[in-house]
Amino acid sequence: MKKRIGIVEDNRDLREALAMMIQFTEQYELAGTFENAETAIEVVPTIAIDALLMDVNLPGYNGYECVSILKAKKPSLFFIMCTSYEDDEIIFKSLKAGASGYILKTEGPTKIIDALNDLFDGGSPMSSSIARKVVGSFSKLDTIDEGVQLLTPRENEILELLATGKMNKEVADNLQISGGTVRKHIQHIYEKLQVNTRVEAVNLYLKR
C-alpha cells in the first residue's frame, strides 16, 4: 500500500512542485497540500496520512510549532522539515517538537524522495550539513560533561559561589584563601570547561 504524504508549504510554486514530485512516485501518493500551519492543524487529524513535508518559515504558526501541535493530535504521524534554514536553534526546536528529519530545499527532489524512503525504513534523514551540526552539538555537550567531571571539589565550591553572584574577593573571603588563588582556580575552570568568561562557566555548570 502506498504511503500517503502531505505538504505544508506557503510558496505556491514550490508546494505544487513537491506535490507533482510525490504523485510521480510509485511508492507514495499525495494526501493533501496546505499553504499554512493553521489549515494543516485543522485538516490533518481528520485524514489518512503517514508523513508531512513541513516548511519552517510559515505565516502564523511556524513549522516546528505546527509539528508540536500535530504530533500531540496524531502521534503516529512522521514529519520531515523541508526548509532553507540551517539555524541551530530552529533545527533543535524542530527535532524537539517531534520532527524525524531535516532536509534542505536546495538538496533537490531526489534527496527529498530518498529522505522519505529512509524515514519509512526507520531512519532519521538529514542533509549532511544539518547532521554535522547535530553531531557537533552532541560532541560539545559531551565535552562540557567531561569538563564538569574534571572539576576538583575546590573548583566546584568556587563555581557555586560565583553562581550566587559573588566577586573574586568575596569568594576568597568565604573560602579563606587569597585572591590570587581564586584567580588561578578560575583559570583552571575556564580551561576544563573550554570557556572564556565567568558567565559561560556558571551557565555550563548550572546546566550539568
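**Figure 1. His185 counts as buried, at 19% relative accessibility.** This legend, like the others here, describes a predicted model. The cut-off for a buried residue is under 20% relative accessible area, so His185, at 19%, counts as buried. The residue belongs to helix α9, which spans residues 179-193. Which residues is His185 in contact with, once its neighbours within four places in sequence are left aside? They are Arg154, Glu155, Ile158 and Ile177.

**Figure 2. Gln176 sits in the loop between α8 and α9.** Here is a residue worth pausing over: Gln176 is not a glycine, yet its phi is positive, at about 60 degrees. Gln176 comes just after α8. Is Gln176 buried or exposed? With a relative accessible area of 74%, Gln176 is exposed.

**Figure 3. Helix α8 covers residues 168-175 and has its buried residues on the same side.** The buried residues in α8 are Asn168, Val171, Ala172 and Leu175. They cover an arc of only 100 degrees around the axis, which puts them on the same side of α8. A general point helps when looking at this view: an α-helix has 3.6 residues a turn, so residues three or four places apart point the same way.

**Figure 4. Helix α5, residues 109-120, lines up its buried residues on one face.** This helix has 12 residues, and the distance from its first C-alpha to its last is 17 Å, close to the 16 Å expected at 1.5 Å a residue. Which residues of α5 are buried? They are Ile112, Ile113, Ala115, Leu116 and Leu119. Looking down the axis of α5, you will find these buried residues within an arc of 155 degrees, so they line one face of the helix. The elements that cover them include the strands β1 (3-8), β2 (28-34), β3 (51-54), β4 (78-83) and β5 (101-104), together with helix α1 (12-23). After α5 comes Gly122, whose phi is positive, near 95 degrees.

**Figure 5. Tyr28, Phe78 and Phe120 form one aromatic cluster.** The structure holds 2 aromatic pairs. In one of them, Tyr28 and Phe120 are tilted, with 5.9 Å centre to centre and 35 degrees between the planes. Tyr28 is in strand β2 and Phe120 in helix α5, so this pair ties together parts that are 92 residues apart in sequence. How buried or exposed are these two residues? Tyr28 counts as buried, at 3% relative accessibility, while Phe120 is partly exposed, with a relative accessible area of 23%. The rings of Phe78 and Phe120 also have their centres 5.9 Å apart, but their planes stand at 90 degrees, so that pair is edge-to-face. Since Phe78 lies in strand β4 and Phe120 in helix α5, the pair ties together parts that are 42 residues apart in sequence. Phe78 is partly exposed, with a relative accessible area of 32%.

**Figure 6. The largest nonpolar core has 25 residues.** Which of its residues touch the most other members? They are Val44, Leu52, Met54, Leu70 and Phe79. At least two residues of this core come from each of β2, α2 (37-43), β3, α3 (63-73), β4, α4 (88-97) and β5. The largest share, 4 residues, is supplied by α3. For a closer look, follow Phe79: not counting residues up to four places away in sequence, Phe79 touches Leu52, Met54, Val67, Leu70, Lys71, Gly98, Ala99, Ser100 and Gly101. There is also a second, separate core of 17 residues, with Met21, Ile22, Leu53 and Ile112 among them. As general background, nonpolar side chains tend to be buried together in soluble globular proteins.

**Figure 7. The protein chain, shown whole to place the close-ups, has 10 helices and 5 strands.** Of its 208 residues, 42% are buried. Among contacts between residues at least 6 apart in sequence, 61% join residues at least 24 apart. The accessible surface of the chain comes to about 11400 Å², and 50% of that belongs to carbon and sulfur atoms.

Conventions
Residues numbered from 1 in each chain as written. Predicted model: local features only at pLDDT ≥ 70, side-chain atom pairs only at ≥ 80, totals over all residues. Heavy atoms only, no water. Expected span 1.5 Å × (residues − 1). Buried < 20%, exposed > 50% of the residue type's maximum accessible area, 1.4 Å probe, protein only. Arc of directions from axis to C-beta. Contact = heavy atoms within 4.5 Å. Core = buried A, V, L, I, M, F, W, Y, C linked by side-chain atoms within 4.5 Å. Phe/Tyr/Trp six-rings, centres within 6.5 Å; stacked < 30°, edge-to-face > 60°. Areas by Shrake-Rupley, 256 points an atom, 1.4 Å probe, with all protein chains shown as cover.
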